[in-house]
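Hi,

Here is the structure I promised to pass on. Have a look at it first, and my notes follow underneath.

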Amino acid sequence: MKQLLLCAGLLLALALSPALAQTQKAGAQPALIDRDVLFGDPEISGAQLSPDGKFLSFIKPYNGTRNLWVKGLNEPFEKARVMTNDQARPVRGYFWSRDGKYLLYSQDKGGDENFNIYAVNPAEAPAAGQPVPAARDLTGLKGVRVQIINAPLSDPNTLYIGLNDRDKAWHDLYKLNLTTGAKTLVRQNTDRLGAWVFDWNDQLRLASRSNPDGSTEWLRVEGEKMTPFYKTSINEQSGVVGFAKDNRRVYLVTNQGQGRDLAEIVLLDPATGKQEPYQADPQKRVDVGGLVLSEKNHEPVFVSFEDDRMRRVWKDKAFEADFQKASAQLPGLDVRPASNTTDERLWLLTASSATQPAVTYLYDRQTKQLTKQYETRPQLKSADLADMKVVRYKSSDGLEISAYLTLPKGVAAKNLPVVIFPHGGPWARDVYGFNAYHQFLANRGYAVLSPNFRASTGFGKKFLEAGNGEWGRKMQDDLTWGVKYLVAQGIADPKRVGIMGGSYGGYATLAGVTFTPDLYAAGVAIVAPSNLSTLLGAIPPYWEAMRKQMYARMADPGTEAGRAELARMSPLTLADKIKTPLMVVQGANDPRVNKAEADQIVVALRDRNYPVQYICAPDEGHGFARPVNNLAMLAASEKFLAEHLKGRYQESMSPAVAKRLQEITVDPKTVTLASKAAVK
């Protein structure tokens with residue numbers, strides 16, 4: 001069906017655009033890739049092995065919405081049985097209970113991020129007239145965000161969960177019975193505790209406390225008593241990965257101390273405070289990424305580092321040999337473990353690259369056999385996709401910025417339209433790999449640049465702190481100088497540069513069209529903060545642990561100087577400077593960037609009679625989860641960018657997407673603000 005849609009869309013595009021047809025006949029560029037092939041539901045995704053290895057679960061559309069399916073490991077996918085029938089919202093993540101009796105997943109309502117935990121028994125037959133077994137809501141709470149904290153091996157019918165029903169800011173620790181749904185209070189959280197750590201015997205041993213000054217303390221849990229043993233300041237990070245094999249020491253990721261810029265792993269004894277180095281980046285380039293521990297022998301498997309591409313330092317040489325044997329059959333691809341059986345004999349591995357969407361394989365460590373299971377997006381062909389490379393350039397103050405650049409295939413990298421695509425967070429980073437937005441835009445003829453601007457994580461403490469107080473200033477310079485780099489290289493047409501992004505990337509889009517109004521010819525701002533004072537005033541209560549750190553990295557709204565800084569950094573303050581065509585995209589239920597952020601900038605432009613396009617989905621939150629909403633937004637933004645940057649675009653869309661686009665397109669004349677105080 002998707003293949004027919006692709007052909008139909010392509011034929012329509014060719015019929016409507018003779019110039020495009022000639023270009024494609026000449027073989028200069030690949031044919032337009034249908035939006036649905038890039039952004040519609042994957043055919044199959046998210047596979048997990050049952051703990052005993054007898055079954056394979058995965059996510060696949062059912063009645064047009066992603067749901068859970070199960071099959072015997074050696075059965076063909078055509079024999080799989082659907083397990084859930086949630087038509088309101090796709091199932092996006094799940095896991096098996098430790099005994100393989102239940103599939104467990106979480107769902108919120110319309111993107112409000114108040115998650116409940118659901119369980120379905122694959123061995124249970126559907127009730128008469130029903131297509132799937134009954135899914136039980138194990139927590140059944142409204143307005144509560146349920147956290148999954150620990151799934152104990154020693155008690156497979158149990159989950160340890162966090163509930164913020166008593167206090168919206170802090171989660172109490174509960175024990176959840178998977179069969180009955182009964183919840184038993186383990187620890188009431190009256191001490192600003194943000195994390196709980198269990199040992200190899202599933203005993204609660206450690207907790208972290210977020211102090212009012214923004215520092216983090218790690219505590220030993222000894223009955224009702226909690227004793228601090230490690231502390232990092234507001235500008236440092238620390239996190240316990242897990243216990244060592246001796247069940248006494250812990251692996252701790254830390255960048256504590258003035259002499260330590262890059263985060264590394266130390267082995268620390270919580271009882272004595274004694275620590276010893278364990279693993280830092282041998283190339284001294286990036287923070288430690290992660291540590292994988294074997295649940296079978298409690299030994300480390302590997303430490304990962306996210307550099308230009310991911311690197312590993314192997315600790316388990318037997319596993320390394322098996323992994324290298326499998327990876328040798330997948331040259332050029334980044335291979336990552338995705339799931340394994342309890343005995344660690346069977347592993348699911350995913351392999352991908354910038355030009356290869358994820359392919360999943362089964363690897364048997366006993367027989368050394370690697371067997372392909374499925375491709376996530378089989379209609380995408382590597383030959384039609386554009387490679388991603390790392391470029392480096394100096395920003396306004398000489399700081400080196402690394403960025404991922406994707407150039408369109410089939411045309412010379414000269415005088416191209418460009419889309420700057422900054423990541424969200426901003427305390428996150430872009431990585432190498434298959435990126436649907438990069439492929440989408442490159443296929444339309446744009447060069448796409450995603451800079452890891454200052455404040456991005458993974459590049460050390462100094463690089464992160466270089467972004468403190470620099471929203472709209474040097475953080476924005478890091479994008480502006482990226483444009484200058486592309487112009488200087490002859491890649492960019494300076495008159496056809498656009499900017500597009502979500503969350504902080506949406507803020508950067510608004511900042512780009514306000515603080516540098518002559519730089520960009522188009523902007524698409526998705527779930528974008530426009531007024532940093534109202535943004536900080538409306539952060540979810542369960543972000544309380546982060547509040548002081550956000551103030552330190554942005555500005556403190558509790559002080560007059562802080563409020564002035566937030567106003568200076570807010571695109572809304574300079575909305576009268578906007579002369580760039582702008583599209584604003586919002587989810588009505590967004591708990592992080594409230595709808596008011598979009599409404600404010602739309603009203604500001606409307607009131608000065610400046611045109612603005614506004615898309616707002618009533619059933620979405622911080623980003624669009626439902627493909628029909630995402631495809632509608634992308635259809636509109638693709639046309640918008642083509643109009644102003646002169647790239648290619650696909651005119652066709654399915655009737656469902658066209659209908660949805662009409663439903664979520666908002667007339668700016670109808671937008672009202674809750675109160676005048678909201679925009680101060």
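I539 is buried, at 8% relative accessible area; buried here means under 20%, exposed over 50%, and partly exposed in between, with a 1.4 Å probe and protein chains only. I539 sits in the loop between α9 (532-537) and α10 (544-553). Helices are DSSP runs of H or I with at least four residues, strands are runs of E with at least two, and both are numbered from the N terminus. Setting aside neighbours within four places in sequence, I539 is in contact with R547 and M550, where contact means heavy atoms within 4.5 Å. The C-alpha atoms of I539 and N594 are 8.5 Å apart, with the two positions 55 residues apart in sequence.

Before you go further, the ground rules: this is a predicted model, in which local features need pLDDT of at least 70 and side-chain atom pairs count only at pLDDT 80 or more, while totals for chains, interfaces and linings use all residues. Residues are numbered from 1 along each chain as its sequence is written, and side-chain values use heavy atoms, with hydrogens and water left out.

Now the overall picture. The chain has 14 helices and 36 strands. Its C-alpha trace spans about 65 × 60 × 50 Å along the principal axes. How does the radius of gyration compare with that of a compact globule? The chain has 25 Å, and a compact globule of 680 residues would be near 26 Å, so the two agree. That radius is taken over C-alpha atoms, and the globule rule is 2.2 Å times the number of residues to the power 0.38.

Of the 680 residues, 56% count as buried. Among contacts between residues at least 6 apart in sequence, 56% join residues at least 24 apart. The chain exposes about 28,000 Å², and carbon and sulfur atoms supply 51% of that; the areas come from the Shrake-Rupley method with a 1.4 Å probe, and for residues only the protein chains shown count as cover. As for charge, there are 84 positive and 73 negative side chains, and the centres of the two sets lie 2 Å apart. Lys and Arg count as positive, Asp and Glu as negative, and His and the chain ends are not counted. Each charge is placed at NZ of Lys, CZ of Arg, CG of Asp or CD of Glu.

On to the inside. In soluble globular proteins, nonpolar side chains tend to be buried together. The largest nonpolar core here has 43 residues, and those with the most contacts inside it are I420, L449, W471, L486, Y520, L532 and M554. By nonpolar core I mean a set of buried Ala, Val, Leu, Ile, Met, Phe, Trp, Tyr and Cys residues joined through side-chain atoms within 4.5 Å. Helix α7 (residues 474-488) gives the most to this core, with five residues. A second, separate core has 37 residues, including L38, A522, L641 and V657. Back in the first one, L486 touches L405, V418, I420, L449, I491 and A492, not counting residues up to four places away in sequence.

A few backbone details to check by eye:

- G425 and P426 are joined by a cis peptide bond, with omega about 0 degrees. P426 lies in the loop between β30 (416-420) and α5 (436-443).
- H298 is not a glycine, yet has a positive phi near 65 degrees. You will find H298 in the loop between β21 (290-293) and β22 (300-306).
- K646, also not a glycine, has a positive phi of about 70 degrees. K646 lies in the loop between α13 (627-645) and α14 (655-664) and is exposed, at 58% relative accessible area.

Finally, three residues within strands and a helix. D364 lies in strand β26 (residues 356-364) and counts as buried at 12% relative accessibility. Apart from neighbours within four places, D364 is in contact with R345, L346 and Q369. M310, in strand β23 (residues 310-314), counts as buried too, at 19%. Beyond its neighbours within four places, M310 is in contact with S304, F305 and R336. E465 belongs to helix α6 (residues 461-465) and is partly exposed, at 31%. E465 and N415 are 50 residues apart in sequence and 35 Å apart in space, C-alpha to C-alpha.

Cheers
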